[in-house]
Amino acid sequence: MTLKPRMSVRAKISAVGTYVPPKLLTNADLEKMVATSDQWIQERTGIRERHIAGKGVATSDLATEAARVCLRNRGIEATEVEAILVGTVTPDMFFPATACLVQDRLGAKGAWGFDLSAACSGFIYALQVGAKLIESGAHRKVMVIGADVMSSILDYTDRTTCILFGDGAGAVLLEPCEEGEVGLIDFVHEIDGSGGQSLYMPGGGSLHPTSPETIAERMHYVHQEGGAVFKTAVRKMAELSEAVLERNDLTGAEVDCFIPHQANRRIITATAERLAMPEERVVINIGEYGNTTGATIPLAMATAMEDGRLQKGKLVLLASFGGGYTIGATLLRWEF
Ligand code: UT7
């Protein structure tokens, strides 16, 4: 388990920005594409609709828009950003990194950065890496983005996966805390590669480079053993959340706002129940976005800001679970 960080400088989130493409894919649309029903999707997942990028729109486009909104909300210029970290499993291409494309389009001259691949935990893993750049004193403004165009790797003939995911992006700015502020407090992360083949995209990498065979075998799409992922997600998100709470002498009941990865409404409510988290403190917006992989947590932050649940001083718990497996829990005070 990760050790409790010792920090003289702390990092805080100082602004949030999100972007989803305008085009909607509803459950009624999916009924026309695969053998499914609005009722099944809503009952089993909580999803009503998801946003889908148009042809030619890539992850860097969504990420750049989210970053622009974030900068506008903070009231600073792109040239003030010193590093850009992008959590994504659907980069525009293998290289250059999405972070480079975003840097150029934003006009963040002088910044450095990279992409981080941790599937649905990409955003909170990047958040911790970004926080370390602030805590070390190396930087004062780091942009952390979670963005994915999941529609680019979905098999729209496979009803077990295509109904789950959507496209979107969310960005936060990290800065050092001011006097008296707390910001990011602690995190517990874990990866478990033994779960790798329960949720993955087998083709297109160095093991199975794209070929007519990999395409014929549909290896360029997401493959998932839904039941296995479901059970592990609930158990591990609760376990790591409990671990980070316990070592900070807190219980789930003391958390003001729980922002979990949005993969399935039933996973969220089962996790929240294990943590004895009151329902009204659990942020759920999967109905309107589906599972946007790297973007779910910043999108849920924006939802909680809009509905008033995220305000300065609130104690916030983030939790994620994704392909890999990758699992994470982060504790912070909201500081704006
Ligand atoms: O982002 C992180 C990773 N992803 C997740 O966390 C996702 C985790 N898994 C899940 O959310 C759920 O397992 C699913 C939503 C994928 C599936 O729900 P489930 O309740 O576990 O269903 P199931 O796989 O046990 O399937 C139950 C039945 C099956 O039919 P039979 O064999 O009982 O006749 C499936 O074929 O539901 C069928 N089914 C569907 N029916 C209508 C599966 N997908 C669909 C569908 N529409 N889209």
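Hi everyone, this is a short tour of the ligand site and a few backbone details in one structure.

A word on the ground rules: this is a predicted model, where local features need pLDDT of at least 70 and side-chain atom pairs count only at pLDDT 80 or more, while totals for chains, interfaces and linings use all residues. Residues are numbered from 1 along each chain as its sequence is written, and side-chain values use heavy atoms, leaving out hydrogens and water.

Let's start with the ligand. Which residues are the closest to it? They are Thr36, Arg44, Arg159, Asn264 and Asn291, out of 23 that surround the ligand; to be near, a residue needs a heavy atom within 4 Å. By character, this shell divides into 11 nonpolar, nine polar and three charged residues. Here Ala, Val, Leu, Ile, Met, Phe, Trp, Tyr, Cys and Pro count as nonpolar, Asp, Glu, Lys and Arg as charged, and the others, Gly among them, as polar.

Now the polar contacts, meaning pairs of N or O atoms within 3.5 Å. The side chain of Asn291 has an N or O atom 2.7 Å from a ligand oxygen, and for Arg266 the distance to a ligand oxygen is 2.9 Å. Trp40 places a polar side-chain atom 3.4 Å from a nitrogen of the ligand. On its own the ligand has 950 Å² of accessible area, and the protein covers 70% of that (Shrake-Rupley method, 1.4 Å probe).

Where do the shell residues come from? Two or more come from each of α2 (38–45), α6 (159–162), α8 (226–246) and α9 (265–274), and α8 gives the largest share, four residues. Helices are DSSP runs of H or I with at least four residues, and strands are E runs with at least two, numbered from the N terminus. Domain 1 (11–176) and domain 2 (184–333) each supply at least three shell residues, with bounds from an automatic or database domain assignment.

Finally, some backbone details. The Phe95 to Pro96 peptide bond is cis, with omega near 5 degrees, and Pro96 lies in the loop between β4 (83–87) and α4 (98–106). Another cis bond joins Gly324 and Tyr325, with omega about -10 degrees; Tyr325 is in the loop between β12 (315–322) and β13 (326–333). Thanks for listening!

Notes
A polar contact is a pair of N or O atoms within 3.5 Å; within protein, one must be able to donate a hydrogen and the other to accept it, and residues adjacent in sequence count only if both atoms are side-chain atoms.
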